[in-house]
Amino acid sequence: MRVILIFAISFLSSLLIGQKSYFDRYEFTSKDSIRGVYGPYRANNDVKHYTLDIKIDPEQRFLSGVVTYDAVALEEVDKIQIDLFQNMDILKITMREKELKYNRIFDAVFVEFPKPISKGKEFSIKIHYQGKPRVARNAPWDGGFVWKKDNNGQHWIGVACEGDGASLWWPCKDHPKDEAESVDIKVSVPDGLTCVSNGNLVEKNAMPDNYTQWHWQVSYPINNYNVTVNIAQYAHFQDVYVSPAGDSLDCDYYVLRYNIDKAKKQFQQVGPMLDCYDKYFGPYPFWEDGFCLVETPYLGMEHQSAIAYGNDYMRGYKGGMQADGQDWDYIIIHESGHEWFGNAVSSADHADMWIHEGFTTYMEAMYVECQYGFEEAIRHLNIEKALIRNVEPIVGPYDVAWDKFRSSDHYMKGTWILHTMRNAMENDEQWFSILKGFYNENKYKTIATGAFLKYLNEHTNRKWDAVLEQYLTYPVVPTIEFELKEKKDGLEVKYRYVNVVEGFDLPVSFGKKGSFERVYPNENWQKTFLEGLTEDTFEFPSDLYLVNIQRED
C-alpha cells in the first residue's frame with residue numbers, strides 16, 4: 001500500500017462545507033457508496049501484488065482467467081471486499097485450493113474466510129472468472145473495451161477505464177487508496193497478434209489452441225485503472241533516451257505496421273519532453289520498467305509505462321487546441337506527463353482527480369515554456385482558459401463513486417489555479433522548487449488535496465487555505481473590484497475582493513506594464529497611488545491570474 005497523507009484539519013472542515021453546499025443537489029445511492037468508500041472490508045488488508053492470468057477471444061469479445069490477490073492482514077480479517085462488475089461471472093474463489101464463500105452486492109464481492117486471518121499474516125486468494133467485458137461507447141471518456149479492426153482488417157483492441165474502474169474487466173480492490181506494489185500480467189491472445197501491457201516483457205509462451213501468452217511485469221506501485229492490454233499486429237521499434245545526468249532509459253514503441261514511418265518521426269518529441277520534465281520534477285519515475293507508447297483505437301490514456309497513443313500523428317489535440325507556431329503532439333506531452341502526476345503521485349480518492357489532471361495539464365504549459373518560452377506558454381494557457389466553465393467545484397464528493405463531472409474544469413481550471421499561484425508568489429525560483437519538492441516528497445504515494453496545501457504553507461510561510469478553498473470547492477471565480485480616480489500626478493486605485501470565501505487574500509500585481517505594483521487585496525477596501533498613470537493606461541494582467549475584473553464608475 002502506498003502511504004496516505006491526511007488532510008490538514010482546518011482545510012478539511014472548510015472543504016467539506018463547500019462541497020456539502022454544492023453536492024447536496026445530487027442523490028448518491030448505496031451502489032455509489034459501496035464503490036466509493038474505503039470501508040472496513042477494504043481497509044482491513046493491504047494489497048501487495050496482483051497476478052492476472054487471462055485469455056482474450058477477440059472473435060467472441062470474451063475474457064476468461066484467474067486473478068491472484070496477494071495481501072497482508074492489517075487487523076484480524078474474516079471478510080474482505082473485492083470488486084467486479086456484475087456482468088462478469090465469478091466461477092469460484094479459492095484459497096489454497098479450497099473454495100471460499102462470497103456474496104455479491106452490486107459490483108462488490110464480499111469474500112468470507114472460514115477461519116479469521118491474524119493481523120500481520122500474508123494471504124492469497126484466486127478469483128476464477130469470465131465474461132464479456134463492457135464495451136466502451138466513447139473511450140477513453142466512457143470506460144470499457146474497444147474492439148476494432150485496423151486498415152488491414154486485423155484485430156485492434158484496447159481498454160480504458162479511468163472513471164469507471166478496472167473492475168469492469170478484472171477483479172481487484174477497486175479503490176485508488178490502495179495500490180499493489182507490483183503486478184504480473186499474463187495475457188493469451190491468438191497467434192499472430194501482439195499483446196502490449198505495462199512494465200517489462202518477461203516472456204512469450206506458446207499455448208494450446210493456437211494462442212500465445214504474453215507475460216508482462218510491473219515493478220512499481222500502479223493504479224488499478226492503469227493496468228492495460230493492447231492487442232494488434234504491432235510493429236515494434238526501440239530507442240534509448242539519455243537523461244541530463246547521463247543515464248540510459250529504454251523506450252519502446254508499438255504501432256500499427258503501416259504507421260511505423262509516421263511514428264518514427266512523431267515520437268522524436270519524446271526525448272526533449274523527458275528532458276523538460278526532468279528539469280522541472282526529476283527523472284522519469286518508472287525507469288526500471290521503461291518508457292513505452294502504444295498505438296490504440298482511442299485517443300489516449302496514461303497507462304503506466306505503456307501510454308496509450310491515438311492522436312493520428314497530428315499536432316495538438318487531433319490537429320486543434322494549440323497555438324499557431326507550436327508543433328507538438330498533445331497526447332504525447334499530456335499522457336506522458338501523467339507518469340509524474342497521476343501515476344507516480346496519485347489521488348487517494350476520486351474526488352481529488354484534479355491532482356492527476358490539473359497538475360498534468362499544467363505540465364503541458366511547463367513543456368511549452370521549456371521549448372518555446374514564457375510568452376508562448378501564456379498563449380497556450382489562454383487557449384485552455386477559454387474552455388473553463390465554472391459550473392461545479394473541481395474537488396468532487398468524497399467516499400462515493402464519482403465520474404459525473406459536467407466539465408473539464410479539473411483539467412483547465414486546475415492548471416490555471418497553479419498558474420495563478422505561481423504569479424501570486426512572484427518568485428519563480430521558489431515556485432518551481434515547491435513543485436519539484438512536492439512531487440518528490442509524494443512520489444509513489446497516494447495523497448489528498450490537503451497534502452498540497454500543507455506543503456505550500458510549510459514552504460512559503462504563508463497560509464493558502466482560503467485561496468485553495470475558493471478555487472477548489474466553489475464554482476465561482478474570485479472577483480477583484482476596482483475604483484479608479486485620476487489625480488493631478490497619477491491614479492488613485494481602490495480595490496477589494498468580492499464573492500469570495502472569508503479570508504481570501506490572493507496577492508496580485510497591477511498598474512503599468514513592466515513596473516506593476518504588488519498588492520495584497522482582501523474583502524476590505526484598500527487603496528494605492530500609481531504615479532503617472534491614467535484610467536486608460538491602467539492595466540491588470542489577466543494573463544497571470546484566474547480572477548474576474550470589475551471596475552466601478
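Patches here are built from residues with over 30% relative accessible area and no salt bridge, with like charges joined within 9 Å. In this predicted model, Glu75, Glu76, Asp78 and Glu112 come together on that basis as a negative surface patch. One of these residues, Asp78, sits in strand β3, which spans residues 77-83. Asp78 has a relative accessible area of 43%, so it counts as partly exposed; that value also clears the patch cut-off of over 30%.

There is a positive surface patch as well, made up of Arg96, Lys98, Lys115 and Lys121. Arg96 belongs to the loop that runs between β4 (89-95) and β5 (98-99). With a relative accessibility of 68%, Arg96 is classed as exposed, because the exposed class begins over 50%.

Turning to the aromatic side chains, the structure contains 49 aromatic pairs. Take Tyr50 and Tyr69: their ring centres are 5.7 Å apart and their planes meet at 75°, so this pair is edge-to-face. Tyr50 comes from strand β1 (residues 45-57) and Tyr69 from strand β2 (residues 62-73), so the contact ties together parts of the chain 19 residues apart in sequence. Neither ring has much exposure to speak of: Tyr50 is buried at a relative accessible area of 1%, and Tyr69 is buried at 0%.

Another edge-to-face pair joins Tyr220 and Phe286, at 5.3 Å centre to centre and with 85° between the planes. Here the link is between distant parts of the chain, 66 residues apart. Tyr220 is found in the loop between β14 (211-218) and β15 (230-232), while Phe286 is in the loop between α5 (270-281) and β18 (291-295). Both Tyr220 and Phe286 are buried.

Beyond individual pairs, eight aromatic residues join up into one cluster: Phe281, Phe341, Trp354, Phe359, Phe438, Tyr439, Phe452 and Tyr455.

Finally, there is helix α12, covering residues 465-473. How many of its residues are buried? The count is nine of nine, and the helix is mostly covered. An α-helix has 3.6 residues a turn, so residues three or four places apart point the same way. In α12, burial takes in the whole run: Asp465, Ala466, Val467, Leu468, Glu469, Gln470, Tyr471, Leu472 and Thr473. The buried set thus includes Asp465 and Glu469 alongside Val467 and Leu468.

Terms used:
Residues numbered from 1 in each chain as written. Predicted model: local features only at pLDDT ≥ 70, side-chain atom pairs only at ≥ 80, totals over all residues. Heavy atoms only, no water. Patch = residues over 30% accessible without salt bridge, like charges linked within 9 Å, V, L, I, M, F, W, Y side chains within 5 Å. Areas by Shrake-Rupley, 256 points an atom, 1.4 Å probe, with all protein chains shown as cover. Salt bridge = Lys/Arg side-chain N within 4 Å of Asp/Glu carboxyl O. Lys, Arg positive; Asp, Glu negative; His and termini not counted. Charge placed at Lys NZ, Arg CZ, Asp CG, Glu CD. Helix = DSSP H or I, 4+ residues; strand = E, 2+ residues; numbered from the N terminus. Buried < 20%, exposed > 50% of the residue type's maximum accessible area, 1.4 Å probe, protein only. Phe/Tyr/Trp six-rings, centres within 6.5 Å; stacked < 30°, edge-to-face > 60°.
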